[in-house]
Amino acid sequence: MTQHRGRPDESTLVLGIETSCDETAAALVMGGNDVVSSVVASQIEIHADFGGVVPEIASRAHLEALNPVVARAIVEAGVDEVRIDAVACTYGPGLIGALLVGVSAAKALSLAWDVPCVAVNHLEAHLYSAFLEDPSLEFPLVVLLVSGGHTMLIEMEGHGRYRMLGQTIDDAAGEAFDKVARFLDLGYPGGPAIDAAALNGDPDAIRFPRALTEDADNLDFSFSGLKTAVMNYVRKHPDVASADVAASFQQAVVDVLVSKARRAAQQVGATGIVLGGGVAANSLLREEMLGACANDGVNGFLPGRSMCTDNAAMIAAAGWHRLASDGPSGLDTGAMPNLKLPLLDR
Ligand code: KG4
Ligand code: ZN
């Protein structure tokens, strides 16, 4: 039994568990932002042969990896498990079977250790990854959340207080990276492969479309037409250098992401722009976002690459804040594959 049964404070130690997609992760975070340990076991190699995540295989791999990953996070933190005050786990959105592994494990640990269990929204957790490195971020913030499944511009008015400013109307940015990389035979996952290939290419070689940019106030995104434009171009010009296609495609995606994030920050009078999600690991996006922020006189916060992609430290951080605002989740909490970000009414 521990001393932290009430409101969490700066010494509250939360075990985070993440199993929503293809990373099995566990982390210990103290006080909502001090990462004591963070372990990520990636299933990338397991799914690479299939060119994408196979849900059934992902669930089985989580089942095998989770206990050792949790044990490693505890050992690396150098703490006794009786010191852990709460267990936070992703309960959605994500693959149902994969989520169930983490949710069941978190409930079992919370019962065994007699500590609260807190269910965390994976999208909210991505918003919190920047706070792991800079807890002093001031609201309002604009968060550009760009992952394999989501592309959103969110106004973060305070902890747990979100407004959706814009989102993709078709493919997510990461999905576009993955599909274009697969088409160009650059490997899986596509984002890092395009990022690397683009280093040797000319971003101005091909002018690909920048969708939904005519109306400056439109903060929604569309990447499906861009993906088709890349395919049509390569079919028409089979001898084109893949590096030039990769660099020109990446430039088109980054131009749109940066211009809309800037516009969003202006609209809401944000103190800064925060990046989150796997695509936030992209080199060009990071460079251009920082340049734009410096130019506009707003702060640019880029979590380290390992905190942008899926990890459990962000789950523990968001869990700490949810524990503070809502208290523990009931043991009847289930996996919610289509969970949405909780939004303010306006
Ligand atoms: O957030 P995340 O790890 O998982 C989801 O919740 O989706 O994001 C994974 C996505 C994949 O589409 C991957 O290709 C993309 O992030 N990604 C990148 C880079 N690293 C990962 N996209 C562009 N450039 C990168 N360096
Ligand atoms: Zn994610």
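In this predicted model, K260 is placed over the face of F221, 5.9 Å from the centre of the ring.

Aromatic contacts were searched for across the whole structure, and 5 aromatic pairs were found. One of them is formed by Y128 and F131, whose rings are tilted, with 5.3 Å centre to centre and 40° between the planes. Both residues belong to helix α4, where a spacing of 3 residues separates Y128 and F131 by about one helical turn. Y128 counts as buried because its relative accessibility is 1%, and F131 counts as buried at 5%. Ring pairs join Y128 and F131 with F139 in a cluster.

A further aromatic pair, between F177 and F249, is edge-to-face, at 5.2 Å centre to centre and with 75° between the planes. F177 is located in helix α5 (residues 173-183) and F249 in helix α8 (residues 242-268), so this contact ties together parts of the chain that are 72 residues apart in sequence. The relative accessibility of F177 is 2%, and the residue therefore counts as buried. F249 is likewise buried, its relative accessible area being 0%.

Helix α4 also contributes to the metal site. The zinc ion (ligand 2) has as its protein donors H122 (NE2), H126 (NE2) and D310 (OD), which lie 2.0 to 2.2 Å from the ion. Along the chain, the donors of the zinc ion follow the spacing H-x3-H-x183-D. H126 in helix α4 (residues 122-133) and D310 in the loop between α10 (305-308) and α11 (313-326) are 184 residues apart, and this pair links distant parts of the chain. H126 and D310 are both buried. The site has 4 donor atoms with angles of 93 to 144° among them, and its geometry is irregular. The assignment as irregular follows because a tetrahedral site would require all angles to lie between 85 and 135 degrees, whereas the range at the zinc ion (ligand 2) extends to 144°. For reference, the ideal angle for four tetrahedral donors is 109.5 degrees.

The strands considered here form an open sheet of 5 members with mixed pairing, in the order β8-β7-β6-β9-β10. The edges are occupied by β8 (161-167) and β10 (299-301); each has a single partner strand, so one side of each is left without a neighbour in the sheet. From one strand to the next, the twist averages 25°. At the β8 edge, β7 (residues 151-158) and β8 are paired in the antiparallel sense over 6 bridges. Within this region, G158 stands opposite R161 of β8.

Conventions:
Residues are numbered from 1 along each chain as its sequence is written. Chains are lettered from A and ligands numbered from 1 in the order in which they are written. This is a predicted model: local features need pLDDT of at least 70, side-chain atom pairs count only at pLDDT 80 or more; totals for chains, interfaces and linings use all residues. Side-chain values use heavy atoms; hydrogens and water are left out. Two strands pair if DSSP finds at least two bridges between them. Helices (H or I, at least four residues) and strands (E, at least two) are DSSP runs, numbered from the N terminus. Axes are lines fitted to C-alpha atoms, for helices over the stretch in contact, and angles run from 0 to 180 degrees between N-to-C directions. Donors are N, O and S atoms within 2.8 Å of the metal (3.2 Å for Na, K and Ca); water is not among the atoms, so sites may look incomplete. Four donors count as tetrahedral if all angles lie between 85 and 135 degrees; four count as square planar and six as octahedral if opposite donors are over 155 degrees apart and all others between 65 and 115; anything else is irregular. Buried means under 20% relative accessible area, exposed over 50%, partly exposed in between (1.4 Å probe, protein chains only). Rings of Phe, Tyr and Trp (its six-membered ring) pair if their centres lie within 6.5 Å; planes under 30 degrees apart count as stacked, over 60 as edge-to-face and the rest as tilted. A charge sits over a ring if NZ of Lys or CZ of Arg is within 6 Å of the ring centre and within 35 degrees of the ring normal.
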